[in-house]
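Thanks for coming. I will put the sequence and structure up, then walk through a few places in it.

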Amino acid sequence: MSSGKKTPTTEATAVAARLSRPCVLIIVVASVERFAYKGVASNLVTYLTDVVEMSTSAAARSVSTWSGVTSMLPLASAVVADSYWDRYSTITASSLLYVVGLIGLTLWALLHTRMPCSTLFFPLYLISVGQGGYNPSLQAFGADQLDIGDDDDDGDGGTTAAAATEEQRSKVKSLFFQWWYFGICSGSLLGNSTMSYVQDTVGWGLGFAIPSAAMAVSVAAFFCCAPLYKKQRQPTRVAHKPCRGGGSGVFGALRSLLANVAARKITLPSRDEDDTDDIVLSELELQEKPLTKVELADEKREEEVAMGEAAPSVAKIILRLLPIWAMMLMFAVIFQQPMTFFTRQGMAMDHRVAGGAFVIPPAMLQSSITVSIILLMPLYDRMVVPLAGLVTGDGKGVTVLQRIGVGMVLSIVAMAVAALVEARRLRAAAAGASLSIAWLLPQYVLLGVSDVFAVVGMQEFFYTQVPGAMRTVGIALYLSVFGVGSFLGAFLITAIEMATATAAGGHGWFSDDPREAHLDRYYWFLALLSCVSFVVFVHLCKYY
C-alpha cells in the first residue's frame with residue numbers, strides 16, 4: 001500500500017540512487033590521484049635528506065613550501081576554470097601537466113647522479129601546477145554530475161528538479177562529499193603505506209614510477225568515459241569579452257573585492273534576514289538569461305551589467321566567506337602536525353611493538369589517521385546522523401557549520417592529548433626510560449575523527465555557499481585554507497624558535513636534543529590558539 005509520505009528507508013534509497021556512475025567514477029579517479037600524490041609527498045623529506053643530501057631543516061622547509069604552494073595554486077586555477085574555460089577543459093590541461101611532472105620526477109630519480117639538485121624542483125612544482133587545476137576542478141565537476149536538479153542546471157532534468165526537495169538535495173550533496181573524502185583517504189592510505197616501503201626497500205625510481213603510471217591510467221580512464229558526463233554551461237562566459245573598465249568576470253569581482261576591503265565594507269549577513277544568502281545566490285545564478293538577452297539588444301549594456309552588478313555581488317559573497325575561512329586556519333596548522341612534529345615525536349620513542357616482533361617507522365603512524373577516517377566515514381550516516389538528529393531535531397543530524405565545529409573541538413582535544421603524551425615522554429626520558437610509540441596512536445586517531453567532521457564539512461560549506469558559476473572558486477577557497485595554514489605554521493615555528501631559544505639560553509622548544517625539546521608546550525600553544533579560533537567561529541556561525 002503506497003502513500004504520499006516517504007519512509008526514511010525509501011528516502012535514503014532515493015538519495016543513494018542519485019550518486020550516478022559518473023560520480024562514482026570521478027571519486028575513484030580522485031582516489032588514484034591521492035595515491036599518486038601521497039606516494040610522492042609522504043616520503044619526500046626522506047628523499048631530500050638521504051638522496052639529495054639536504055639538511056633536515058632545509059628539507060622540511062622545502063617540503064612545507066612546496067605543500068603550501070600546491071594548496072594555494074587552486075585559487076588561481078579556479079579563475080581560469082570558472083571564467084575562461086569550463087571545468088572539463090581545465091581538468092584536461094592540468095592532468096597532462098600533472099602526469100608530465102610525475103614522469104619528470106621519475107626520470108630525475110633515475111638520473112639524479114647526472115642532474116643538478118636545483119633541477120629537482122622543476123618537476124615538483126610542475127606537479128603543483130597540475131594539481132592546482134586538477135583537484136578543485138575535478139571535485140566541482142564530480143558534484144556537477146549529481147542528478148539533484150540544482151537551480152543552476154542548464155535545463156536538463158526538469159522533472160528531477162521538481163521531484164527533489166531541498167532536504168534531499170542537501171543530503172545528496174553531503175553524501176557525495178563524504179564519499180569523495182572516503183575515496184581520497186583510501187588512496188592516501190594506499191600511497192602512504194605501500195610507496196614508502198617500495199621507496200625505502202626497492203628503490204626510488206620504481207617508487208616514483210608506480211604513482212606516475214597509476215595517475216596516467218586514471219587520467220586515460222577519465223577521458224574514455226567522457227560521453228557519460230554532464231557538462232554544465234558556464235554562466236560567466238558573457239564576461240569573456242574585455243570591458244572598458246579593464247576587468248571582467250572573476251577578475252572584476254576580485255578588483256571590487258579589493259576596493260571593498262580598502263573601503264572597509266566587510267559586512268556579515270543579518271540574523272534577521274535568513275534568506276539573504278539564498279536571494280543573492282539566486283540573483284547571481286539567474287543572471288545568465290537576462291545578460292544573454294541584453295547581449296542581443298545592447299552589448300554595451302551587457303558589459304555594464306557584468307561589471308556593475310555581477311562583480312560586486314560575487315565580491316560580496318567572497319567577503320562573507322572570509323571570516324569562516326580565517327577561523328579554519330588554526331585547524332589547518334594542526335592538520336600539518338602528523339607530517340612534522342608528530343613524526344619527530346615518534347622518532348624519540350621506542351619503535352618496537354609486540355615484544356620486539358615488529359618495528360614501526362614513525363611516519364607509518366600517519367596511516368592510522370586515514371584508517372580511522374575510512375572506518376568512521378561509512379558509519380557517519382548510519383550512526384552519527386541519527387543520534388545527532390535525536391539531539392538537534394534536524395533530519396540531517398547537524399548543520400554543516402556544526403559539523404565543522406565538532407571537528408575543530410576534536411582537533412583541540414588531539415593537541416591536548418599530544419601535549420600530555422609528550423610530557424610523559426620527557427619524564428620517562430629523564431628517568432632513563434623510553435616510552436612506546438603506541439602512546440601516539442590516540443592523538444593520530446583523534447585527528448582522523450576530526451577530519452571526518454571538519455574537512456568534509458568545509459568542502460560542503462565552501463561548495464554550497466557560492467553560485468554554480470563559481471563553485472570551482474569555492475573548492476579552491478577550501479583548499480587554500482591548508483595552503484595558508486602551512487605558511488602560518490612555518491611562521492609560528494620560526495617565531496617561537498626565535499623567542500624560546502633566546503629565553504632558554506640557546507635551547508628552544510624545537511631543540512634537536514629530544515631531552516631538551518618542549519613540544520608539549522608547542523602543542524598547548526596550538527590548542528590555545530585553536531580555542532580562540534573556535535570561540536570566534538561559534539560567534540560567526542550566528543550570521544550564516
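Ser-67 sits in helix H4, residues 56–84; helices here are DSSP runs of H or I of at least four residues, strands are runs of E of at least two, and both are numbered from the N terminus. Ser-67 has a relative accessible area of 14% and is therefore buried. The cut-offs are under 20% relative accessible area for buried and over 50% for exposed, with partly exposed in between, using a 1.4 Å probe and protein chains only. Not counting residues up to four places away in sequence, Ser-67 touches Gln-336 and Ser-486, where contact means heavy atoms within 4.5 Å.

Before going on, the conventions. This is a predicted model, with local features requiring pLDDT of at least 70 and side-chain atom pairs counted only at pLDDT 80 or more, while totals for chains, interfaces and linings use all residues. Residues are numbered from 1 along each chain as its sequence is written, and side-chain values use heavy atoms, with hydrogens and water left out.

Now the overall counts. The chain has 20 helices and 2 strands. It has 544 residues, of which 52% count as buried. Of the contacts in the chain with a separation of 6 or more, 83% are between residues 24 or more positions apart.

Next, another serine. Ser-128 belongs to helix H6, residues 121–144. Its relative accessibility is 0%, so Ser-128 counts as buried. What does the side chain of Ser-128 make a polar contact with? The partner is the side chain of Thr-70, at 2.7 Å. A polar contact is a pair of N or O atoms within 3.5 Å; within protein, one must be able to donate a hydrogen and the other to accept it, and residues adjacent in sequence count only if both atoms are side-chain atoms. Leaving aside neighbours within four places in sequence, Ser-128 is in contact with Trp-66 and Leu-73 as well as Thr-70.

On to helix H5, residues 87–110, where Leu-105 is found. Trp-108 is in H5 too. Leu-105 is buried because its relative accessible area is 1%, and Trp-108 is buried with a value of 4%. The C-alpha atoms of Leu-105 and Phe-122 are 8.6 Å apart, with these positions 17 residues apart along the chain. For Trp-108 and Pro-123, 15 residues apart in the chain, the C-alpha separation is 8.4 Å. With neighbours within four places set aside, the contacts of Leu-105 include Val-40, Leu-120 and Phe-208. Those of Trp-108, on the same basis, include Tyr-47, Met-115 and Leu-120.

Tyr-47 comes up again in the largest nonpolar core. That core has 120 residues, and Tyr-47, Leu-138, Phe-222, Ile-404, Met-458, Phe-462 and Tyr-523 touch the most other members. By definition, a nonpolar core is a set of buried Ala, Val, Leu, Ile, Met, Phe, Trp, Tyr and Cys residues joined through side-chain atoms within 4.5 Å. Beyond four places in sequence, Phe-462 touches Leu-321, Trp-325, Gly-474, Leu-477, Tyr-478 and Val-481.

Now charged pairs. How many salt bridges does the structure hold? There are 2, a salt bridge being a side-chain nitrogen of Lys or Arg within 4 Å of a carboxyl oxygen of Asp or Glu. One joins Glu-33 and Arg-34, with the closest N and O atoms 2.8 Å apart, and both of these residues are buried. Another joins Arg-425 and Glu-422, at 2.7 Å from N to O. Arg-425 and Glu-422 lie in helix H17, residues 400–430, 3 residues apart, or about one turn of the helix. Arg-425 counts as buried at 4% relative accessibility, and Glu-422 is buried at 1%.

Last, two helices and their geometry. H2, residues 21–41, has 21 residues and spans 30 Å from its first C-alpha to its last, close to the 30 Å expected; the expected span is 1.5 Å times one less than the number of residues. Of the 21 residues of H2, 16 are buried, so H2 is largely enclosed by the rest of the structure. H16, residues 366–392, has 27 residues, but its end C-alpha atoms are only 34 Å apart, short of the 39 Å of a straight helix. Where is the kink in H16 centred? The kink, about 65°, is centred on Tyr-380, the bend at a residue being the angle between axes fitted to the seven residues ending there and the seven starting there. Just after H16, Gly-393 has a positive phi of about 75°.
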